[in-house]
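This briefing concerns the backbone geometry and the nonpolar core of one protein structure. Please consult the sequence and the 3D view alongside the text.

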Amino acid sequence: MEPRDIDGDLTEILIEEAEIRARLAEMSRQIEADYAGKDLLLVGVLKGAVMVMADLARELVHPVTMDWMAVSSYGSGTQSSGVVRILKDLDTDLHGRHVLIVEDIIDSGLTLSWLMANLNSRGPASLEICALLRKPDAARVEIDVKYLGFDIPNQFVVGYGLDYAEKYRNLRSVGVLAPHVYSTGE
Ligand code: XMP
Ligand code: MG
């Protein structure tokens, strides 16, 4: 049904909604065990992590608080530059808090590497990463991700929060964007 909805903009569906939800449920059980008896602050990275955050947080029976940060890591084009700008900072003081960063995807790793250093300097009691997707073949820096959904091939993916030119975020599954979409700019 989904390929019809998006008129052939995807070459394939990589991960179906049900697989995502099942994996998030497994990750939630692991998070609950690891943070038993502790207050947990989930920090979502806007805008891509909105869907992961919504589904992960509701899967957790553990009480959590949520905050959001928006960063921009790309200059022009689709390559991460490593130069990160904060577009929206957290409202929460991280000092002494157990913080779990919730991300959509680790590509080069440059954004998360910068974010880890930035948030670590704020004195959290602990700081870990939860990411739905990772492209191992695109890694330029080593990222220690404690909770990972799926490793995927080095292709541009959209859906479940991930966009191309702000489109496709509301797709329920994760798919590979067809090259004709970016070559025509539409
Ligand atoms: P780095 O390279 O710093 O980049 O790890 C992470 C951020 O880049 C975006 N990104 C993608 N967005 N499909 C997308 O829609 C992709 O395949 C993709 N790869 C990287 C994303 O915002 C991520 O947080
Ligand atoms: Mg992102």
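The points below cover the model, its unusual backbone features and its core.

This is a predicted model, in which local features need pLDDT of at least 70 and side-chain atom pairs count only at pLDDT 80 or more, while totals for chains, interfaces and linings use all residues. Residues are numbered from 1 along each chain as its sequence is written, and chains are lettered from A and ligands numbered from 1 in the order in which they are written.

**Backbone**

- A cis peptide bond joins Leu46 to Lys47, with omega near -5°.
- Lys47 belongs to the loop between strand 2 (40-46) and helix 3 (50-59); helices (H or I, at least four residues) and strands (E, at least two) are DSSP runs, numbered from the N terminus.
- Tyr160 is not a glycine, yet its phi is positive, at about 50°.
- The loop between strand 8 (157-158) and strand 9 (174-177) contains Tyr160.
- Ala165, also a residue other than glycine, has a positive phi near 50° and lies in the loop between strand 8 and strand 9.

**Burial**

- Tyr160 is buried, because 26 other C-beta atoms lie within 10 Å; the cut-off for buried is 20 or more such atoms, with C-beta atoms placed from the backbone.
- Ala165 is exposed (12 or fewer), with 10 other C-beta atoms within 10 Å.

**Nonpolar core**

- The largest nonpolar core (buried Ala, Val, Leu, Ile, Met, Phe, Trp, Tyr and Cys residues joined through C-beta atoms within 7 Å) has 40 residues, and Leu100, Ile101, Val102 and Cys130 have the most contacts inside it.
- Elements that each supply at least two residues of this core include helix 2 (17-34), strand 5 (98-106), helix 4 (110-120) and strand 6 (126-134).
- Leaving aside neighbours within four places in sequence, Cys130 is in contact (C-beta atoms, placed from the backbone, within 7 Å) with residues including Met27, Leu56 and Tyr147.

Methods. Two residues are in contact if their C-beta atoms, placed from the backbone, lie within 7 Å.
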